[in-house]
Amino acid sequence: ANINDAVSMLINENNDKIESIRKNEDMLNKLNKNITAYLTKLMGKDLSEEDDKKVGSYYHVVSDIERVGDYAENVMEYAMRLKEEALVLSDDAKAELTNLLDKVNLLYQYSFTAFDDRNVTLLQEVEKAEEEVDEYTKHLQDRHIERLKAGECTAQAGSVFLQTISNLERVGDHINNVGKSIRQYRYV
C-alpha cells in the first residue's frame, strides 16, 4: 500500500498520502522490531532442522518487507521534492511509472501468493515477473536518456524519475526474495 501511495503522489503531483505512509511505516518498523525479537528468541530454542530453516527464512522475509517500506518512504520524499521545487514529470514518465508499478504489483501478487500458499510451482511466475521488472527498468532508463536528449525533461525531474525507478526495481528484488524464501524448506 505504501509503495502504491507514494507512486500515486508522484504521478498525481500531490502530497495527500504523507500522513498515511508515515503511519504505516511506523507500524512496519514496530512489527519488524517485535517479530525479529520473537524470531531471535525462537532461534535460541532447540528446534528441528526444518523449523530452524523456517525461522531463519522468516527472519529474512521480515527484513525484506521492512525494506520495501523504506523504499516507499524514499519515493514519498521524491514526490515531496517535486512539489517543493515545482518540478514536473512528463506525461510519458508518469505513464512509464504507472506501468512499472503495475509490474511490481503483479510480482507482489505472485510472490505473496506463493509464500502464503507455499506454492513452489508458482515461483516460475515470480521469477518471470521479477525479470520483467528488471528489463522494464532498464528500458525506462534508456527512454529517460532519450527524453533528456530531446529536451523533454529537466535534469532535476529526471533525477527523481531515475531514483524512483531504481527504488521500484529494488522493491521488486525484495518481493522476489519473499516468494523464493519458500525454497529453503519444505512443508508437509
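By partly exposed I mean a relative accessible area between the buried limit, under 20%, and the exposed limit, over 50%, and in this predicted model Lys 53 falls into that class because its relative accessible area is 37%. Its salt-bridge partner is Glu 49, with 3.8 Å from N to O, and Glu 49 counts as exposed at 60% relative accessibility. Both residues belong to helix α3, which covers residues 49-84, and they sit four residues apart, about one turn of the helix.

That pair is one of eleven salt bridges found when the whole structure is searched, and I would like to set beside it two others that reach across the sequence.

In one of these, the side chains of Glu 13 and Lys 94 meet at 2.4 Å, N to O. Glu 13 is in the loop between α1 (2-12) and α2 (18-43), while Lys 94 is in helix α4 (residues 91-117), so this salt bridge ties together parts that are 81 residues apart in sequence. As for accessibility, Glu 13 is partly exposed at 33%, whereas Lys 94, at 14%, counts as buried.

The other joins Glu 132 to Lys 103, with an N to O distance of 3.8 Å. Here, too, distant parts of the chain are linked, since Glu 132 lies in helix α5 (residues 123-149) and Lys 103 in helix α4, 29 residues apart. Glu 132 is partly exposed, with a relative accessible area of 32%, and Lys 103 is also classed as partly exposed, at 25%.

Finally, there is a network to point out on the structure: Asp 92, Glu 96, Arg 143, Glu 146 and Arg 147 are joined into one by salt bridges that share partners.

Technical notes:
Residues are numbered from 1 along each chain as its sequence is written. This is a predicted model: local features need pLDDT of at least 70, side-chain atom pairs count only at pLDDT 80 or more; totals for chains, interfaces and linings use all residues. Side-chain values use heavy atoms; hydrogens and water are left out. A salt bridge is a side-chain nitrogen of Lys or Arg within 4 Å of a carboxyl oxygen of Asp or Glu. Helices (H or I, at least four residues) and strands (E, at least two) are DSSP runs, numbered from the N terminus. Buried means under 20% relative accessible area, exposed over 50%, partly exposed in between (1.4 Å probe, protein chains only).
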